[in-house]
Amino acid sequence: NSVWVSTDHDEIEKVAKQFGAQVHRRSPEVSQDSSTSLEAIREFLNHHHEVDIVGNIQATSPCLHPSDLIKVADLIQKEGFDSVFSVVRRHQFRWSEVKKGENKMTEPQNLNPAKRYRRQDWPGELYENGSFYFAKRHLIEKGYLQGGKMAYYEMRAEHSVDIDIDIDWPIAEQRVLSFGYFGKEPLKEVKLLVCSIDGCLTNGRIYVTEDQKEMVSYDYRDLVGIDLLKKRGIQVRLISDRDCSKTLSAMQLGCIAKVSATNKLQVLEDWQKDIGLSWKEVAYLGNEESDVECLKKAGMSGVPADACAVAQKAAGYICKSSGGCGAIREFAEHIFLLLEKVNSARKQ
């Protein structure tokens, strides 16, 4: 019935609200390194007596699909189970551990070494994958996430991703590209990136010399990002609500630009129609209130880390880099990940 993020962190609260979640502020008592998810959930229930079923979705499992959650909710609401948790089938042979210094041999746990199964001949075993735990309130109040009339939900192996240690990150990223959930609408390949100049390409600062000439700084990484986008066949166009034509001329970026744009959305709409693109094929990187409507329209939208609050709320992606400090390069990488996803979908 509602989506909540339990946290004691201001930045996590901010991002959660931007994406439409409600926030429960954790107390210090359940925000320690040793605190468990169960402790945080029990505290949440103490403040929300209207909740009788909790679905605890783990942030470390990024390939979870809505269809799985709907089926699990039905198991509790319609089939009367008290708790349901996620598992995955694995084909791994287990052996007993021999600690250093112990004078004994290891023993097989789930196989006969003289008659080893072939993978295709062995059904394997079910393991918890930590993706989600659903339970009724009365169980959680007793200190259980699993109990009563229990059921497991077997997830597909390709959706069972658990980020536990650093090396899991690149593996998870590639799995998400191939099997992750990207919404119901078919993905479109980005063909145009429009970028706000001040605060995205530059850091927004303007230096004025004694003879009243303006100077700005930019990050070479962003120029590399623009060049990589062009090599991928993606047009890059620049936009600014002030006249910075001399600065652009000095940069020699080779991009179409519109300066002194009093209505950025109108410019974006004109470009989109002239090139003949759908909004799904347009990406936009902005940082100010004047960019908000463009961020909402574009199929893919991003802002630098130091963008204003209303721009961050309207964007689909918030860069770790600030404006003029590699944000374009970072957003380009984000676009490339989407292109890999599109190509993967086509192959399937």
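Tutor: Domain bounds come from an automatic or database domain assignment. Here that gives domain 1 (52-90 + 122-165) and domain 2 (192-346). This is a predicted model, with local features needing pLDDT of at least 70 and side-chain atom pairs counting only at pLDDT 80 or more, while totals for chains, interfaces and linings use all residues. Residues are numbered from 1 along each chain as its sequence is written, and side-chain values use heavy atoms, leaving out hydrogens and water.

Student: How far apart do the centres of domain 1 and domain 2 lie?

Tutor: Their C-alpha centres are 41 Å apart.

Student: What makes R94 and E125 a salt bridge?

Tutor: The rule asks for a side-chain nitrogen of Lys or Arg within 4 Å of a carboxyl oxygen of Asp or Glu. R94 and E125 come to 3.1 Å, N to O, so the pair passes the rule. R94 sits in the loop between β4 (83-90) and β5 (125-136), and E125 in strand β5, so the bridge ties together parts 31 residues apart in sequence. Helices (H or I, at least four residues) and strands (E, at least two) are DSSP runs, numbered from the N terminus.

Student: Why is R94 called partly exposed?

Tutor: Buried means under 20% relative accessible area, exposed over 50%, and partly exposed in between, with a 1.4 Å probe and protein chains only. R94 has 32% relative accessibility, so it falls in the middle class.

Student: How do you know whether K264 and D291 are buried or exposed?

Tutor: Check the values. K264 is at 5% relative accessibility, so it counts as buried. D291 is at 0%, so it is buried as well. These two form a salt bridge, with the closest N and O atoms 2.9 Å apart. K264 is in helix α9 (residues 264-275), and D291 is in the loop between β12 (282-285) and α10 (292-297), 27 residues apart.

Student: What makes E293 and K296 a salt bridge?

Tutor: Their closest N and O atoms are 4.0 Å apart, so the pair still fits the rule. They are three residues apart in helix α10, so about one helical turn separates them. E293 is partly exposed at 42%. K296 has 55% and is exposed.

Student: How many salt bridges does the rule give?

Tutor: The count is 18. Some residues join into a network: D10, E13, K17 and R25 are linked this way.

Student: Why is the pair F132 and F134 called edge-to-face?

Tutor: Rings of Phe, Tyr and Trp (its six-membered ring) pair if their centres lie within 6.5 Å; planes under 30 degrees apart are stacked, over 60 edge-to-face, and the rest tilted. The search of the whole structure finds six such pairs. F132 and F134 are 5.8 Å centre to centre with 90 degrees between the planes, so the label is edge-to-face.

Student: What label does the pair F132 and Y153 get?

Tutor: Tilted. The centres are 6.1 Å apart and the planes 50 degrees apart, so the pair fits neither the stacked nor the edge-to-face range. F132 lies in strand β5 and Y153 in strand β6 (residues 150-154), 21 residues apart. F132 is buried at 0%, and Y153 is buried at 13%. Elsewhere, F93, Y117 and W122 form one aromatic cluster.

Student: What makes K149 sit over the ring of F81?

Tutor: NZ of Lys or CZ of Arg must be within 6 Å of the ring centre and within 35 degrees of the ring normal. The charged end of K149 is 4.7 Å from the centre of the F81 ring, so the distance part is met. R232 does likewise over F336, at 4.2 Å.

Student: What makes a set of residues a nonpolar core?

Tutor: Its members are buried Ala, Val, Leu, Ile, Met, Phe, Trp, Tyr and Cys residues joined through side-chain atoms within 4.5 Å. The largest such core has 32 residues, and those with the most contacts inside it are L193, L201, L229, L238, L285, F331 and I335. Elements that each supply at least two residues include β7 (192-196), α7 (220-231) and α12 (327-347). Helix α12 gives the most, with nine residues. A second, separate core of 22 residues includes A261, V267, V282 and A311.

Student: Which residues is L238 in contact with?

Tutor: Contact means heavy atoms within 4.5 Å. Leaving aside neighbours within four places in sequence, the partners of L238 include C195, L201, L248 and W271.
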